[in-house]
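Reader: I am new to this structure and would like to understand how its descriptions are reached. Could you take me through the reasoning, one term at a time?

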Amino acid sequence: MSSARIDVVLAQASQALAASTTGRLDAELLLAHVLDKPRSYLFTWPEQLLDCAQVAAFRQLVSRRQMGVPVAYLTGYREFWHLTLKVTEATLIPRPDTELLVELALNPELLPGQEPSATIRVADLGTGTGAIALALASEQPHWDIVAVDKSPEALTVARENAANNQIANVLFLEGSWCDPLTQGALNLIVSNPPYIASDDPHLKIGDVRFEPIPALASGADGLQDIRQIAKQSLPCLVTGGWLLLEHGYDQGALVRAVLAQAGFSQIRTETDLAGHDRVTLARRPVG
């Protein structure tokens, strides 16, 4: 195998990945990873020659991407919020839609009357890479945040992400949903739980084929874990505390009904940039 120019190998890879709507972007991300350079380097130095080892490594990644392996698993990281997060096949890949959950949790109107430096106690259930917990912690270093996951492998990744991003105000606990939490202690609970029906055909196509099924699917209607979280969360919240749940685009009304049945009040659903139901908020009743 001979050396080759950046622009030549990118063109070849883009053609090989043409079946994907993100083929060119995927190729650029993979080549930047091989070279340990920012994507801008590819456009600044298109005539730069790659050596044989670099060409071979890049083509191997392209071949795996052709088989459907997600780019994040091939590079080993994904950007979320302003953080660079390690990902492995033990974790769900963080997605931009989940940033809405972070934005809503950071809204000062959610917990009015708090001093700017007041300690807010937060739990992130099913933390995975730690994306939500670490995003919140990076914005509010005085908050006390607990990140829970039942997967020890995922917690290892999350702890590494906290260290890599120099975030110290998150405690990682192993357990199922609210099991490790103290009752009546939390101002806020957030979660991006599994919410896809277990027989949904989308689980067998695209990138999700390679992601951990327990982090994606939740019973016959996709709401099994959301029902469990709703039931467990209410007694863990202080009076007036909030639960924020990410869910599927067509599940807003169903999730609101689950939360109402669990005893929550002031329930509302917020939409993402595409106008789809994405996050439902509910409050432990006051009084």
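Reader: Which residue stands opposite Leu-188 in E8?

Author: In this predicted model, Val-122 is the residue that stands opposite Leu-188 in E8.

Reader: What makes strand E5 and strand E8 a pair?

Author: Two strands count as paired if at least two bridges are found between them; E5 (residues 121–125) and E8 (residues 186–191) are joined over four bridges, in the parallel sense, and therefore they meet that requirement.

Reader: Why is one side of strand E7 and of strand E10 left without a neighbour in the sheet?

Author: The seven strands form an open sheet in the order E7-E6-E5-E8-E9-E11-E10, with mixed pairing. Strand E7 (170–174) and strand E10 (265–271) stand at its edges, and each has a single partner strand, so one side of each has no neighbour there.

Reader: Why are H2 and H4 called oblique to each other?

Author: The axes of helix H2 (residues 23–35) and helix H4 (residues 52–66) come within 10 Å and cross at roughly 140 degrees. Angles over 145 count as roughly antiparallel and those from 65 to 115 as roughly perpendicular, and the crossing belongs to neither range, so the two helices are oblique. Their contact includes Leu-30 and Leu-31 of H2 and Phe-58 and Leu-61 of H4.

Reader: How do you know that Lys-37 lies over the face of Tyr-41?

Author: The distance of Lys-37 from the ring centre of Tyr-41 is 5.1 Å, and the cut-off for a charge over a ring is within 6 Å, so the distance part of the test is met.

Conventions: Residues are numbered from 1 along each chain as its sequence is written. This is a predicted model: local features need pLDDT of at least 70, side-chain atom pairs count only at pLDDT 80 or more; totals for chains, interfaces and linings use all residues. Side-chain values use heavy atoms; hydrogens and water are left out. A charge sits over a ring if NZ of Lys or CZ of Arg is within 6 Å of the ring centre and within 35 degrees of the ring normal. Axes are lines fitted to C-alpha atoms, for helices over the stretch in contact, and angles run from 0 to 180 degrees between N-to-C directions. Angles under 35 degrees count as roughly parallel, over 145 as roughly antiparallel, 65 to 115 as roughly perpendicular and the rest as oblique. Contact means heavy atoms within 4.5 Å.
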